[in-house]
Amino acid sequence: MDHKSLIEAALDARSRSYSPYSGYRVGAAILCSDGTTVTGANIENASYGATVCAERCAAFSAVASGKKKFTAIAIAGGAGSATDRTDDYAFPCGICRQVLREFADPDTFTVIVAKSTDDYKEYTLSELLPESFGPDNLK
Ligand code: THU
């Protein structure tokens, strides 16, 4: 799958964000090693600490459907109301970086933070989470 399609899936997932408290709406689309895409959105809660980020929503949905190896993620987030673009490059929080690390090769896994299908930045997970701790450390 190309970057554009993955970003489109993240923007579409963003439309299902439940974020009445922050108004910051995030969508994420994970490309799994089997070629399928699993999406998620941030889901907030009146008890704020129960909120889940879009990236973890997508990651846990993927694992729960049997996909435990990820290749890439596209993230689209921001406060604006447009559906085809955002005002921010929404970088994944530290907890989400660590969760993605569990199911990815950090040197090859691609993190795309997108404002639109034409305006995005691309990193490896190793760049965003250097010298990481992962499953291999516990073997
Ligand atoms: N959020 C995400 O969905 N992903 C991140 O990596 C950072 C923050 C959400 C959580 C909350 O609903 C809103 O953005 C504001 O923090």
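This is a short tour of a predicted model, covering the ligand site, two helices and a few single residues.

## The ligand and its surroundings

Let's start with the ligand, which sits in the largest pocket. The residues around the ligand are S22, Y24, V26, N42, E44, T51, C53, A54, E55, F91, P92 and C93.

Three polar contacts are worth a look on screen. A nitrogen atom of the ligand lies 2.8 Å from a polar side-chain atom of E55. A54 uses its backbone instead: one of its N or O atoms lies 2.9 Å from a ligand oxygen. C93 also comes in through the backbone, with a polar atom 2.9 Å from an oxygen of the ligand. On its own the ligand would expose 380 Å², and the protein buries 76% of that.

## Helix α2

Helix α2 covers residues 54-64, and its buried residues are A54, E55, R56, A58, A59 and A62. Two of these names should ring a bell: A54 and E55 also belong to the set surrounding the ligand. As a reminder about helices, an α-helix has 3.6 residues a turn, so residues three or four places apart point the same way. That's handy to keep in mind when you look down the buried positions A54, A58 and A62.

What do the buried residues of α2 pack against? Their partners are the strands β1 (25-32), β2 (37-41) and β3 (70-78), along with helix α3 (94-102). After the helix comes G66, and this glycine has a positive phi, near 95°.

## Helix α3

Now to α3, where C96, R97, V99, L100 and R101 are the buried residues. They pack against β1, α2, β3 and α4. The pairing with α2 shows up from the other side too, as α3 is among the elements that the buried residues of α2 pack against.

Is I95, another residue of this helix, buried or exposed? With a relative accessibility of 53%, I95 is over the 50% cut-off and therefore counts as exposed. If you want a sense of distance, I95 and T37 are 58 residues apart along the chain, and their C-alpha atoms are separated by 21 Å.

## From A104 to strand β4

Past α3, the loop leading to β4 holds A104. This alanine has a relative accessible area of 6%, so it is buried, the cut-off being under 20%. Leaving out residues up to four places away in sequence, A104 touches K69, F70, F109 and L125. L125 is 21 residues from A104 in sequence, yet the two C-alpha atoms are 8.4 Å apart in space.

Strand β4 itself spans residues 110-116 and includes T110. T110 counts as buried because its relative accessibility is 15%, which is under 20%. Again skipping residues up to four places away in sequence, T110 touches T71, A72, I73, E122 and Y123.

## Out at E131

Last stop: the segment after α4 (125-128), where you'll find E131. What does its backbone look like, in terms of phi? The phi of E131 is positive, near 50°, and this residue is not a glycine. E131 counts as exposed because its relative accessibility is 82%, over the 50% cut-off.

Key:
Residues are numbered from 1 along each chain as its sequence is written. This is a predicted model: local features need pLDDT of at least 70, side-chain atom pairs count only at pLDDT 80 or more; totals for chains, interfaces and linings use all residues. Side-chain values use heavy atoms; hydrogens and water are left out. Buried means under 20% relative accessible area, exposed over 50%, partly exposed in between (1.4 Å probe, protein chains only). Helices (H or I, at least four residues) and strands (E, at least two) are DSSP runs, numbered from the N terminus. Contact means heavy atoms within 4.5 Å. A residue is near a molecule or strand if one of its heavy atoms lies within 4 Å of it. A polar contact is a pair of N or O atoms within 3.5 Å; within protein, one must be able to donate a hydrogen and the other to accept it, and residues adjacent in sequence count only if both atoms are side-chain atoms. Accessible areas come from the Shrake-Rupley method with a 1.4 Å probe; for residues, only the protein chains shown count as cover. On a 1 Å grid over the protein atoms alone, a cavity is a set of points where a 1.4 Å probe fits but cannot get out, and a pocket is an open set with protein on both sides within 12 Å along at least five of seven lines; lining residues have an atom within 4 Å of a point. A molecule sits in a cavity or pocket if more than half of its atoms lie within 2 Å of its grid points.
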